Amino acid sequence: MAARRTPLLPISPAGRLRSYVGRDPHHSGGLVTTREHDASVYEQVQESSEFQELKRAFRRWTFPMTVAFLVWYLLYVVLSGWARGFMGIKLLGDINVGLVFGLLQFVSTFLIAWAYARHAERKLDPIADKLRHEVEEKTQ
């Protein structure tokens with residue numbers, strides 16, 4: 001029998017977020033609590049130019065990087081399946097092109113994570129912090 005899920009931020013019929021205490025949906029063992037806030041505060045933030053800029057800055061970096069990584073990964077998969085001769089070329093001892101490409105998948109993953117962390121710290125976090133402070137001021 002499936003467990004009934006309760007929304008994390010239940011909204012009352014009047015459009016206000018109501019107080020809620022329940023189990024953590026992420027199963028970390030803690031309780032989740034919310035305070036009652038006017039939902040329009042969050043709608044105002046969502047419509048603000050700062051929030052729109054935050055979304056644009058996130059998408060400008062994330063979408064092209066996702067496409068680039070998927071192309072790189074699919075190139076590895078396609079070459080492994082259909083260019084076995086090329087992937088089997090020995091470069092140094094028993095190390096071949098396929099092994100180097102495979103290891104570069106891990107390297108590229110860590111480089112992308114590092115680059116995103118830098119991007120977020122420089123471009124996204126300042127805007128997100130400003131928005132968070134604005135929301136906290138309006139909801140206290």
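Tutor: Helices here are DSSP runs of H or I with at least four residues, and strands are runs of E with at least two. In this predicted model, the protein chain has four helices and six strands by that rule.

Student: What pattern does the protein chain follow along the sequence?

Tutor: The order is β-β-β-β-α-α-α-β-β-α.

Student: Why is F101 called buried or exposed?

Tutor: Buried means under 20% relative accessible area. F101 has 17%, so F101 is buried.

Student: And what makes W72 count as partly exposed?

Tutor: The class of partly exposed runs between the buried limit of 20% and the exposed limit of 50%. W72 has 22% relative accessibility, so W72 falls in that class. F86, at 41%, therefore counts as partly exposed too.

Student: How many aromatic pairs are there?

Tutor: The count comes to four aromatic pairs. One of them is W72 with F101, which is tilted.

Student: Why is the pair of W72 and F101 called tilted?

Tutor: Ring centres must lie within 6.5 Å to pair, and the centres of W72 and F101 are 5.5 Å apart. Planes under 30 degrees apart count as stacked and over 60 as edge-to-face, with the rest tilted. The angle for W72 and F101 is 50°, so the pair is tilted. The pair links distant parts of the chain, with W72 in helix α2 and F101 in helix α4, 29 residues apart.

Student: What makes the pair of F86 and F101 edge-to-face?

Tutor: The centres of F86 and F101 are 6.3 Å apart and the planes stand at 80°, so the pair is edge-to-face. F86 lies in helix α3 (residues 84–87) and F101 in helix α4, so this pair ties together parts 15 residues apart in sequence.

Student: Which residues form one aromatic cluster?

Tutor: F58, W61 and Y116 form one.

Student: What makes up the largest nonpolar core?

Tutor: The largest nonpolar core has nine residues: V41, V45, L54, A57, A120, L124, I127, L131 and V135. Helices α1 (39–47), α2 (49–82) and α4 (97–139) each give two or more residues to this core. The largest share, five residues, comes from α4.

Student: How do you know that V41 is buried?

Tutor: A nonpolar core is a set of buried residues joined through side-chain atoms within 4.5 Å. V41 belongs to the largest nonpolar core, so V41 is buried.

Student: How much of the protein chain counts as buried?

Tutor: Of its 140 residues, 23% do. The protein chain exposes about 10,800 Å², and carbon and sulfur atoms supply 63% of that area.

Conventions: Residues are numbered from 1 along each chain as its sequence is written. This is a predicted model: local features need pLDDT of at least 70, side-chain atom pairs count only at pLDDT 80 or more; totals for chains, interfaces and linings use all residues. Side-chain values use heavy atoms; hydrogens and water are left out. Buried means under 20% relative accessible area, exposed over 50%, partly exposed in between (1.4 Å probe, protein chains only). Accessible areas come from the Shrake-Rupley method with a 1.4 Å probe; for residues, only the protein chains shown count as cover. Rings of Phe, Tyr and Trp (its six-membered ring) pair if their centres lie within 6.5 Å; planes under 30 degrees apart count as stacked, over 60 as edge-to-face and the rest as tilted.
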